[in-house]
Every structure is written in C-alpha cells, then in structure tokens.
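The following exercises are to be worked through with the sequence and the structure at hand. Each task is followed by a solution in steps.

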Amino acid sequence: MLLAVGFVLAGAGILVWLLLPGRLPDPPWLLIVFAAVGVYFDWTAVEINDHLVISTSLLVQLTAAVVFADSEPVVAVAIIAALSPFQPIDFRLRRWFEPAVNFGQLVISASAAISLFAYLAPNAAVDSQNLPRFVLAATAASVLQGALNFTLVQFIFRTVFGARQVRPWSNMFNIMLPYLGTGLLAALLGGAYHMINVDGTLALSLITLSLIFVVFFVSQMTFVSYARLREAQDSTLRGFVKALEAKDLYTRGHTERVAYFSELIGTRMGFNGTRLEKLRWAALIHDVGKLAVPRDLIRKRARLSGNEYEQMQTHVHLVEDLLAEVDFLQPMVEIAAHHHAHFDGKGYHGGHKHEGTPSVEARILAVADSFDAMTSTRSYRGGSTPEPSSILRSSRRSSR
Amino acid sequence: MAEREVHHLSLALFLACLGFGSWMAATSPLELWPILLGAAAVALAHFVTVPAPSGEHLYLGIGAATAVAFLIDDPAALLSTLALGMAFAYLILVARRPLDMSGRSHYLGEVTALMAFASTVVVLRQPAGYNPDAHAWVLAIVATAGIVWFSVRALARSLVGLEREDLSARFLWLLALEDWAVIVSLFTAGALFGLAFPHMRWWAIPLALLPYAFSHLAFVRYNNTRITYGQTIRALAQIPEVAGLATSGHSERTASVAVAIARDIGMHPDEVSELEYASLMHDIGRITLNEPAILRAGYTDEDLARWGAQIISEAPFLEQVGELVREQHRPYRSIGEERDETVPLASKIIKVASAYDQALFDQMLSPVDALELLHLGSTYDYDPEITASLRRVVSARGDLRTV
C-alpha cells in the first residue's frame, strides 16, 4: 500500500518535473501516434516464458527516443511509458495496486534510461555519420532500462511477497542479450525515420512510420498467436487430465496439485522459465498413462496381484510411448516415467531400462507426487493430515 | 501435371530466364555490377524459406525482389536483375533437392509470379506523371505489383499443385490467403531496405534484416508449436485404442479420409484443421468404456458422442471441436425434412468417414462395397453430397482400381 503510493508519487513527481519547463516534444501528433502504438502493444502483450523475446513496447519507446532525439526525448518517452500501465482489464477487475506500481516503476526506469541516451547523444542530428553513436546510446539505454526494470520488480516482489528473488541475477546475461538487439534495432528504425525523411515532407514520414509500425505489428501478432497456441496445447492436455480424474473421485485434483507442488519446489530451487515449464508439463502428464488402465484396477481396494500390476504397467507404458512420439513432450515423458525411480538409482524405473540416478526434475516430481498421495485420500486408505516430519522422513527414501 | 512435363518446363524456364536476363542486361544503360548484385541477392534469398501458417514454406525471394524494385529505376535493368536472379535461383533449388520434384514445381510458380511482379512494376511506371523520387508512388506501385505477385503465385500453385487431384482450387486459394502476415513482413523488410539504402547505405541491411529475423523466429516457433499441438492431439486420441477400447488405427484413418473430403468440397482451412482434430478424437468417449458400471448399464452412439464432447470441452480452446464430436451421431435429416441445417457439415463428414473406415476394417468390405453401403444409408444417415465426395476421394487415391 505504502509502496504503491510511494511509486505513484515518485513517477508523478518525475513527470511533473519533466513537464514543468513547458518544452514539449515536437511535432505533438507524432508523439500521440507513438503513445497510441505503445499503449496498443501493451494491451495486446502476452507473456512468453522465454529469453529471446523482445518487448515490443520497449522497442517502441526506444524508437521514439531516437525519433525525438532533437526535441525532448526524455519527456516523450516518459509520457509513452506513463500511459502504458493503465489497461482495461485492471479497470474491469478494479485492480489498482499493479497499475500504480507499474506506473511509477516504468516512468522511473524509462526516464533514467532515456536521460542516459540523451547524455550519450546530445542533440546530434541523426545522419549516417552519427548513426553509430545513436546505436551505442540506444543500446546503453536499453540495457539500463532492462536492468532498472529488473531491479525494481525484484524490489517490489521482495517487499510485497517477502519472497526470494524470482529469477537470480546470474540469468541477467541471458536477459540482456535481447536488450542489446532491441537497442540496435530501435536506433536503426529511428535513424531510418530521420534519414529517409531528409526533405521533411509529411507523406514521406507517414510512409516510413507506417512501414516501421507494420514491422512491430507483424512480429507482435505472430508472437501473440504463438503464445495462444501454446496455451491451447497446455489447456488441451490439462483438460484431458481433468477428464481422467473426473472419473475417479479419489484422485480428483491430484495432477493439478502435483503440478503446483512441483512448481513450488522448482521455484525454490531456482529453476527459471523454460525449465520450470518443462517440470510443470511433466507433472501434468505423469498420470496420463492411467487413462488407459481398466478402471476396476485403479479403484481396486485390495492389493494388486502380480499379474494385475503388470497389466497396469503395460498400459501405462503404451501411453508413455505414445506421448514420447510428440517431439516436444519427449523430455517431459522421460521425467514423468522416471518419477518412481529412487534417488540411489534403485527402485522402479518406469519399465524402460535406465541406469544411474534420475534427474533432479524426476526427483522433484517424485516428492510432489508422494506428498500429495500421503496427504489426500486414496482408495486403499483414508487420507491423513499433513504431518511434515513424518512425510519428509518417508520422502527421504526416494529423493533428497 | 506429370513429372516429366514439370521437369522440362522448369528447365525451359531456367533457360528463358537466363537468355532474357542477359539480353535485357545488354540493352540496359545501367552498369553490370548492380544488376549482378541484385540478381545474387534474389537468388540467395531462395536459399531460405519461412514456414507459413498454411503449412507451406515461402521463399524469401520476394523480399529481395521488393528491395530491387525500389532501387533500380531502369525497366530493362529491373527485368534483367529479376530474370537473372531466378536463373541463379534455379541452380540453387535444383542443387538443393536434385531428385525432388516439388523443388521444380515450386520453381515454376516462383518464376511466373516474380516475372508478373516485375512486369507490373515496369508497366505501372510508364505513365508520364511518374516520378521516381516520389516514394509514395513507388510504394503504391510495388504494393500493387505485390498483390499481382500473390495472385499469380497462388494461381500457379493451384495449377501446378494438381498432381494432388483431391484438392479443390478453392481450398488452395484460401490456404494461400492464410499466409498474408508472412508475406506482409517480407514486403515490409524489402521496402524498408529499398527506401533506406540510398540514405543509410549498408546500415540498411541490419535495418531490414533484424525486424524480419524477429518475425521469422516467431513464424518458426508458431509452426513448431502447431506441429507439436497436432502431435499431442494425435497421441491423446490414440489412448482408447491403446487401451483396447477402440479399433486400432481407426481415428487416424478416419481423420485422413475426413480431411480429404473437406479439401475436396473446399472447406475453409481453419474449419479443416478443426475437423481434423474432431475426427482424430471422435472416439475419445470410448475411454469411458472401461468403467464397469457403464458397461453393465449399456450405452448408445449418442452417449459415446456426448462423453467424448465432454472430455474435449474440458480444453477451452477445443470447445468448437467438442461440439462437432457431440453432433457426429446425428442423421443429416430427420423424417419429413429435406435437410437438417443444425447438423454441422464437419460432423456429417466425420459420420461418413468413420462409417467408411468401419465398413473396411470391422466388416472387411472392399472399398466399392463400403461405398455402396454408405450410399444405401443416404436416406437419413449419410449426406449424399458427402458420400459423393468420398467416392471422388477414394478413387483419387487409387483404392478403387484394385477391384
């Protein structure tokens, strides 16, 4: 609460301080166009769990900085950045904390970064001699913006949730690489705007601008449909798992919980984007094999006979082999298939002959699976309330 | 088109491009090196393809051609650059897939389309009022030429692509339209380079290539995800078969027949992929059949369809697919009606395709007898238009010749 107020005040203070001298970027219509495009991209933005993806709104801001290089770039970008956090969904859900904090955070990092940009390329004309200088300035600004943004978000997370860092600093280099690319591209796009536009006719600047925005638009659109497709894939698998569980009262919600526990453990162990996602997928599919097992076997209250146990395993493997044919799922199937293996290399190896210790992911999954099995009701025994010490003791056998 | 014809025609086009290009280069007042440089760029761009949403792979050549159209004003030099570029591209394409016919038949389409592009640019630049320095004019002309390029290419593809006789021209045309985002990004990259090069010189290369590279990455990712999504659905759809609750391979075969019918009658590509998913999963409801209580109580086709739809609809993105599965058991008309408009076309196709596969593999009928059986059911069960299309599909596959 206090934090949000602080960020809003800081952001608003910077904005007022920037606007106070009364010098506005020129021409104003161009600023409006850039602000509209920036807001549009922020509204349609999707989260992609990936390092290589550039942020379109950062690209728009830096391009604006180069376009307005000779007339108040800091003011221009601060205004664009200040508008972007206010999204319709926040108003609908009456959320105010996130947009407020984001507003302050974005204005601070954008104005700091563009100040660096303006310092490195002060009022220079954008032409072929000066272009390298602008590339340098924009890249530096991009990296600074990224680092500030990262630090501020970390700070907010720590203060609000008291949690450890979401992503450790060691990942910074991976994250920085796209920022370098963004800086270079923004300098080139902004440079193209100035250099094609030598005689300054309106028609020409409109052409150049629209070409630049088409570039933004197409890549944003494709990434959106890519993210949507991934979500579809995720939800399809999730749906099937749900359908399986719906048939069996005892395991209802088991997979969702195991996925949740695995994700918690993975986060604690410092897994990042792609690796965490892989773990979650493995957890989601770790029981799909049961879809193919005759229901009376799954539900059987007595111990399974050797024959029945074998029958159950055959079905499970058939499904695992089926899923392993999907290139993308193959590593996840491997994790899921190994979650019965023991830490010391003994134990049940999912039927496929494998030597050595199972991977960290498989061990995490084993812990999450056992934890949920012990704390929820199964057909062969009632549930027990989680008694941390006893559960940990029995988990120690399979993984550490 | 027969394989030999494609072979000879592509060789002839290569020689024509080479001859025409050299002749035009000789008559052009321009020096030789910009022409050769442009031609090399156009040819090299044919090294790289980008996967488009339609499942096709597009050559980057049109991007290079767009840049050339901006940079070279002289008509003879422009024609020469593109013709020589296509001649070099032939060598690349044939060198890459020496024995593959698809490379050659692609070449036919690419050359025709690119030459149409060049001629449009040249013709539109003729009028007296044209000013090469007015960028708006140049952009408008190249955009028009781009539309011509696109149409000619789609047309050439649907003509040359006719070795697959079961594809309707309408389907191919709609398929080509799916790719507009890729094509727009290629054009934009080319236009940015063409506009920027005179002012920015070699900085124009990263300017055009970087944004395109981001889009390219996105297209490739999208395509990969689309493939694995299909694989995921395929794998999940086989679970009842693996569990021994459905005939092995039934869903895969049904889907392949259903998709062929949909293409034959010219459904929209989006609907075709929905139909493909629905027909792959049309028997997913059989998973419930290992429930002892259900086996005791008995079940109908409608129950199976409903259970399947319930499972599929758990995935929010597949709601429409679930609906198609839910309706798959319904006859195409009820008594006293000409046609029941509430039954989706895709559901009727699934009904026919699934029944055909059952006739072949459960009842062990020959393809002809299976078709006869389906036609017998055309009073209420199977839509005669779809069974007619099925007959075309089956005969195009050559399944009928064995009888």
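pLDDT is the predictor's confidence in each residue, from 0 to 100. The model is predicted: local features need pLDDT of at least 70 and side-chain atom pairs count only at pLDDT 80 or more, whereas totals for chains, interfaces and linings use all residues. Residues are numbered from 1 along each chain as its sequence is written, and chains are lettered from A in the order in which they are written.

**Exercise 1.** State the confidence of chain B and of the model.

*Solution.* Chain B has an average pLDDT of 83, and 93% of its residues score at least 70. For the model, ipTM is 0.72 and pTM is 0.76.

**Exercise 2.** Describe the secondary structure of chain A.

*Solution.* Helices (H or I, at least four residues) and strands (E, at least two) are DSSP runs, numbered from the N terminus. Chain A has 16 helices and 0 strands.

**Exercise 3.** Analyse the side of chain A that touches chain B.

*Solution.* Step 1: two residues are in contact if their C-beta atoms, placed from the backbone, lie within 7 Å. On this basis, 54 residues of chain A contact 48 residues of chain B.
Step 2: helix α9 of chain A supplies the largest share of that side, 25 residues.
Step 3: nonpolar means Ala, Val, Leu, Ile, Met, Phe, Trp, Tyr, Cys and Pro, charged means Asp, Glu, Lys and Arg, and the others, Gly among them, are polar. The side comprises 35 nonpolar, 12 polar and 7 charged residues.

**Exercise 4.** List the contacts of A:I285 beyond its neighbours within four places in sequence.

*Solution.* The partners are A:L237, A:L323, A:L329, A:M332, A:V333 and A:A336.
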